[in-house]
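Trainee: I'm new to this one and would like to look closely at a single part before anything else. Could you take me through one sheet, strand by strand, and then show me what lies around it?

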Amino acid sequence: MIVELQSVWKAYGEGEARFWAIRDAGLMIQAGDFVSVVGPSGSGKSTLLHMLGCLDKPTKGTVLVDDESIDRLTDRQLSLIRRNRIGFVFQQYYLNECMTVLQNVLLPLELAKVKDRKKKAAEALASVGLGHKLKAYPSELSGGEQQRCAIARALANSPEIVLADEPTGCLDTETGEKIMDVLTDLNEQQEIGIVVVTHDEVVAACAREEIQVRDGRIS
Amino acid sequence: MVWIIVATAKKRKARLVMTVVGIAIGVATLFALLSLSAGIEGALDREIGGLGAQIILLPEGCPYELTLALMQGADTLEHIPEESLPRISEVDNVLSAVPAVVGRVKVNGQLASIYGTTEDVLRVKSWGIEEFRGAVVGSDVAEKLSLSRGQRITLDLYAQESLEVTKVLQATGGRDDTFVFVPLTAAQKVLGLGNSLSAVLVQVEEIDETTQTRYALGRMADIQAVPPSEVFDTLMGLFGSVKQTLILITGIAIVAGILTTMNTMTMAVHERKKDIGILRAVGSTQRDVFGLFVWESLLVSLAGGALGIALGYVASQFLPRTSGFGLQATPHFSLAYVGICVLVAVAVGIVSAIYPAMVAARTQPIKTLREL
C-alpha cells in the first residue's frame with residue numbers, strides 16, 4: 001500500500017479567518033516505512049496524519065492511495081480503506097469504558113461483520129502482550145496497557161499502515177518506551193508501515209525517517 | 001451486535017428503563033384494549049344469542065335500552081300485558097312464546113336479579129332439567145348468597161314469596177349466572193307487576209319466514225318486535241364508536257412512545273459522538289453506524305413491547321370487567337393480539353430510530369477527532 005500527498009494544501013475557516021494548516025506538502029508513505037512527524041503544537045502534524053489516513057481531504061492538491069485519488073472515492077470506499085488497510089492510534093486511547101478489552105478490539109470487526117472476529121481480536125491483543133487481560137475493563141488497566149489495547153484495536157484487521165497521533169503523549173517515559181517497542185516490533189516483524197506524530201525527540205528517534213513540520217510546511 | 005447495545009446501555013440505564021416503560025405503557029394500553037373489547041364483543045354476542053329467541057317482543061320504548069335491561073335484569077317502566085300471550089302464540093310461524101319478567105328484589109335480604117318465566121323457558125335454555133318449578137339459581141348468585149339445592153329462599157319487594165331452590169346452574173360465564181329464575185306468577189307478585197311482562201321471547205318454526213313473523217307481531221298494539229341480530233348490530237355500532245375513541249387515545253400514547261424513543265436515541269447520539277467518531281475513524285461505514293442505532297432502538301422497543309404485553313395482560317385482569325352495556329366481559333387473549341403488539345413495538349423502534357440513526361451515520365470522523 002502506498003499513500004502519497006502531492007502538493008497538498010489544507011485550510012480551515014473562511015474569509016479573513018482562513019488559516020492554512022498545511023502548505024504545499026508532499027509525502028509518500030508505504031508498508032514497511034517507519035516515519036516520525038515532529039513539530040511544535042499547531043504546526044499541522046495531526047492534519048497531515050488525518051489526510052494520510054483518508055479522514056480528511058485537502059483544500060488543494062491530491063491524496064493518492066495506490067495511485068488513485070481519494071477525491072474519486074465514496075465515503076464507503078474511504079471507510080473500507082480505513083477499516084482494512086490503515087490503523088489509527090490516538091493519544092487519549094479512546095477506549096469504550098463500558099466494554100472489556102476484548103470487546104473494544106472486537107467492536108470495529110463486529111460492525112464490519114468480519115469472519116473469525118473474536119479470534120482476530122484475541123490475536124491482536126496477544127500480539128501487544130494483553131492476551132491475559134481480555135475480560136478486564138479499561139479502568140482496570142494502566143495507561144500503557146490502555147494504549148496497547150488501542151494499538152491492538154488498530155491492528156485487529158491486519159492494516160498495512162498504522163498512524164499514531166502522540167501515542168506516548170499521556171504516558172511516563174518507561175511506559176512510552178514500551179509502546180514504542182511494540183510499534184517497532186510491528187514494523188520490523190510484520191513490515192507494517194508506522195507513522196508516529198510526536199513532540200518527543202526520543203520517540204522520534206525510534207523511526208528510521210524523521211519529518212519536521214513547521215507552520216504547515218514539511219522540511 | 002446485541003452485546004454492543006447491551007454494553008453501551010450500561011452508561012444510561014435510567015433513561016433506557018424510562019424509554020422501555022414509556023413504550024410498554026402504550027403497548028399495554030393497546031393489548032388491554034384489544035383483549036377487553038374482544039371480550040365485550042364476545043359477551044354481547046353470547047348474551048344476545050343466549051336469549052334463545054329469533055324475535056324479542058318488547059313494550060314501547062327504545063328497543064336497545066329495553067333489551068339491555070332484560071339482559072341486565074333491570075325492571076322498566078313499560079310492560080307488555082300478559083293477555084297478549086295467546087294472541088302472540090296464534091301468529092303464523094310462532095313455535096313458542098316465552099314470557100319474561102325481570103327486576104331486582106331482595107333475596108334472603110340481599111339484592112339480586114330475578115327472572116320470572118314459565119315452563120316454556122326450557123325450550124330456550126339448556127338447564128338439564130325436566131320440569132321448571134321453585135327457584136333455579138345461577139352459579140354467581142348461588143355463591144354470593146350461599147344457596148344450595150333444597151334450601152328455601154325468600155323473595156321480598158312489594159310482596160314476599162318463599163321458594164325452594166330446585167337447581168343451581170353450572171357457570172356459563174354469562175348473565176344467566178346472575179339470575180334467580182322463578183315462576184312467572186311469583187316474580188309478578190314480588191315485583192308488583194300484576195299481569196305485566198317485561199318481554200316475550202319468540203321462537204319461530206321456519207327461520208326463513210322470521211321477517212314476515214316479525215312484522216306480523218310488530219303490528220300488535222303496544223308491542224314492538226325486534227330481532228336479536230338487529231340489537232346486536234346496533235349495540236356493536238355504539239361500542240365501535242367508543243372503541244374508535246379508545247384506539248385514538250392508544251395511538252396518541254404510541255406516538256408519545258415514538259417521540260420518547262426518538263428523543264432518547266438522539267440524546268444517545270450526541271452523548272456518544274466521540275465513540276461514533278472513533279468508530280468511523282477505524283473504518284465503520286455510515287451504514288454500520290446507522291444499523292447499530294436502528295438495532296438499538298429496535299431492541300429497546302421490543303423490550304418495551306414484551307413488558308407492555310405482560311402489563312396489558314395483568315391490567316386486563318384487574319380492570320373493571322363490566323362494559324357500558326352492563327355485561328360481564330372476560331378479556332379475550334389471542335396470539336394475534338400479541339402479534340399486533342409486537343408489530344407496533346417494531347414499528348415504534350424503526351420509526352423512532354431513523355432520524356437519530358441518520359444523524360449518527362452522518363457523523364464526520366475528522367470533525368469529531370478535531371474536537372477531541
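Mentor: Let's start with strand 1 of chain A, residues 2–12, which pairs with strand 2 of chain A in the antiparallel sense over 8 bridges. Keep in mind that we're looking at a predicted model. To find the pairing by eye, go to Ile2(A), which stands opposite Gln30(A) in strand 2 of chain A.

Strand 1 of chain A also pairs with strand 4 of chain A (residues 60–65), again in the antiparallel sense, through 5 bridges. Here a handy marker is Glu4(A), which sits opposite Leu64(A) in strand 4 of chain A. Leu64(A) is worth staying with for a moment, since Ser69(A) in strand 5 of chain A is its bridge partner. Strand 4 and strand 5 of chain A are joined by 2 bridges and run antiparallel. They form a hairpin with 2 residues between the strands, and in that hairpin Asp66(A) takes a positive phi near 50°.

Put those pieces together and you have an open sheet of 4 strands in chain A, in the order 2-1-4-5, with antiparallel pairing. Its edges are strand 2 (19–30) and strand 5 (68–69) of chain A, each of which pairs on one side only.

Now for what lies around it. Just past the end of strand 2, look at Ala31(A) and Gly32(A): leaving aside residues up to four places away in sequence, these are what Glu191(A) touches. Glu191(A) and Gly32(A) are 159 residues apart in sequence, yet their C-alpha atoms are 4.4 Å apart in space. Glu191(A) belongs to the loop between helix 6 (173–190) and strand 8 of chain A. With 12 C-beta neighbours inside 10 Å, Glu191(A) counts as exposed.

Strand 8 of chain A takes us to another sheet. This one is open too, with 6 strands of chain A in the order 6-7-8-3-9-10, and its pairing is mixed. Strand 6 (86–89) and strand 10 (217–218) of chain A are the edge strands, each pairing on one side only. At the strand 10 end, 2 bridges join strand 10 of chain A to strand 9 of chain A (residues 209–214), and the two run antiparallel. You can spot this where Arg214(A) stands opposite Arg217(A) in strand 10 of chain A.

Helix 1 of chain A (residues 45–52) lies across strand 3 (34–38), strand 7 (161–165), strand 8 (193–198) and strand 9 of chain A. Helix 1 of chain A runs at about 155° to strand 8 of chain A.

Next, try helix 4 of chain A, residues 117–127, where Ala121(A), Ala122(A), Ala124(A) and Leu125(A) are buried. Looking down the axis of helix 4 of chain A, you'd see its buried residues fall within an arc of 160°, so they line one face of the helix. Those buried residues pack against helix 3 and helix 5 (143–155) of chain A. After helix 4 of chain A comes Gly129(A), whose phi is positive, near 80°.

Chain A also has a neighbour: 23 of its residues are in contact with 23 residues of chain B. On the chain A side, helix 2 (75–84) and helix 3 (101–111) each supply at least two residues. Helix 2 of chain A gives the most, with 7 residues. As for what kind of residues chain A puts there, they divide into 10 nonpolar, 6 polar and 7 charged.

Finally, step across to chain B and find strand 8 of chain B, residues 179–183. There, 5 of the 5 residues are buried, so the strand is largely enclosed by the rest of the structure. Strand 8 of chain B pairs with strand 4 of chain B (residues 110–117) in the parallel sense over 5 bridges, and Ser113(B) stands opposite Phe179(B) there. Strand 8 of chain B also pairs with strand 5 of chain B (residues 135–137), this time in the antiparallel sense over 2 bridges. In that pairing, Val180(B) is the bridge partner of Val137(B).

Chain B also has a helix pair to look at: the axes of helix 2 (residues 13–50) and helix 8 (residues 228–271) of chain B come within 9 Å and cross at roughly 175°. Helix 2 and helix 8 of chain B are therefore roughly antiparallel to each other. The residues of their contact divide into 18 nonpolar, 10 polar and 4 charged.

Key:
Residues are numbered from 1 along each chain as its sequence is written. Chains are lettered from A and ligands numbered from 1 in the order in which they are written. This is a predicted model: local features need pLDDT of at least 70, side-chain atom pairs count only at pLDDT 80 or more; totals for chains, interfaces and linings use all residues. Two residues are in contact if their C-beta atoms, placed from the backbone, lie within 7 Å. Ala, Val, Leu, Ile, Met, Phe, Trp, Tyr, Cys and Pro count as nonpolar, Asp, Glu, Lys and Arg as charged, and the others, Gly among them, as polar. A residue is buried if 20 or more other C-beta atoms lie within 10 Å of its own, exposed if 12 or fewer, and partly exposed in between; C-beta atoms are placed from the backbone. The arc is that of the directions from the helix axis to the C-beta atoms. Two strands pair if DSSP finds at least two bridges between them. Axes are lines fitted to C-alpha atoms, for helices over the stretch in contact, and angles run from 0 to 180 degrees between N-to-C directions. Angles under 35 degrees count as roughly parallel, over 145 as roughly antiparallel, 65 to 115 as roughly perpendicular and the rest as oblique.
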